[in-house]
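Reader: I am new to reading protein models and would like to look closely at a single part. Could you take me through one helix and what lies around it?

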Amino acid sequence: MPSLAAETPSRSPRLDLERFEATPLQRAPFDFLIVPGFLKRAALPAVERDFPAIDRGGSFPSTSVRCGPAFTALLDELQGPAVTAAFAGKFGLDLSGRPTMVTLRGQSRQKDGAIHTDSKTKLVTALIYLNSAWESDGGRLRMLNGPDDIENYVAEVPPEAGTLVAFRCAENAWHGHKPFIGQRRSIQLNWLTGRGVLKRELRRHAFSALTKKLLRFGT
């Protein structure tokens, strides 16, 4: 079995892996960490410019939307070996050979943010936000002590540009946010349990996107 120790973080033009390595993992009530500035400030303008135009709610696979070159380069880096090694070391997991899936959100709806845990087919969830200074009380992701109260939280994450929040997917990894309607851009990166899961998830997202499109145009 490969070593779970992370390799020495390589220099990255976009991601501050040194800052990630230096941020301690919080263990209660589940394993998570928050890294403001994970996406380097110098990289933000080009990445924000090249974020795909998503004008409706829901989650979209990155392969199903048109991304500009700087944003595509970021996604390639996020799914590369250096990032996988860093996350494997931080969470004490063997992620070698595990497929990754990237989904994107551009708009938040009233119904979004309900308290939930991620599916058992996901090992780690990483969220990177791409929004300007966040003033609203809604839309701030909360790491929760349980499933019943959005106010019973141990940490709150404003979805500001460059911020990373990541957690090990577990039965008690409850999270959610208060309602927000409007633009709320995020990248979600998941390491999955197997390639069959990846194929199934991509089919599910594709069907969902088609349904939304048909409903939108009334056909």
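Reader: What covers the buried residues of H4?

Author: This is a predicted model, and what follows should be read with that in mind. The cover over the buried residues of H4 includes two helices, H1 (17-22) and H3 (69-78), together with the strands S1 (32-35), S4 (122-129), S7 (164-168) and S9 (182-192). Helix H4 itself spans residues 81-91, and because eight of its 11 residues are buried, the helix is largely enclosed by the rest of the structure. Those buried residues are Val83, Thr84, Ala85, Ala86, Phe87, Ala88, Lys90 and Phe91, a list in which you will find Lys90 as well as Phe87. In general, an α-helix has 3.6 residues a turn, so residues three or four places apart point the same way. After the helix comes Gly92, whose phi is positive, near 65°.

The surroundings of the helix lead on to the nonpolar core. The largest such core has 37 residues, and those with the most contacts inside it are Phe38, Leu78, Phe87, Leu164 and Ile187. H4 supplies the largest share of this core, namely five residues. Apart from the core just described, there is a second, separate one of 12 residues, which includes Tyr129, Leu141, Met143 and Val157.

To see how the parts meet, it helps to follow one residue, Leu164, and to set aside its neighbours within four places in sequence: Leu164 is then in contact with Phe20, Leu33, Ile34, Val35, Phe38, Phe87, Ala126, Leu127 and Ile128. Among these partners is Phe87, which is one of the buried residues of H4.

Charged side chains can be followed in a similar way, and the count of salt bridges comes to 12. In one of them the side chains of Arg27 and Asp31 meet, at 3.0 Å from N to O; Arg27 is exposed, with a relative accessible area of 55%, whereas Asp31, at 13% relative accessibility, counts as buried because the limit is under 20%. In another, the side chains of Lys120 and Glu171 meet at 4.0 Å from N to O. Lys120 lies in the loop between strand S3 (100-108) and S4, and Glu171 in the loop between S7 and strand S8 (175-176), so this pair ties together parts that are 51 residues apart in sequence. Both Lys120 and Glu171 are exposed. Finally, salt bridges that share partners join Asp137, Arg142, Glu151, Glu156 and Lys178 into one network.

Terms used: Residues numbered from 1 in each chain as written. Predicted model: local features only at pLDDT ≥ 70, side-chain atom pairs only at ≥ 80, totals over all residues. Heavy atoms only, no water. Buried < 20%, exposed > 50% of the residue type's maximum accessible area, 1.4 Å probe, protein only. Helix = DSSP H or I, 4+ residues; strand = E, 2+ residues; numbered from the N terminus. Contact = heavy atoms within 4.5 Å. Core = buried A, V, L, I, M, F, W, Y, C linked by side-chain atoms within 4.5 Å.
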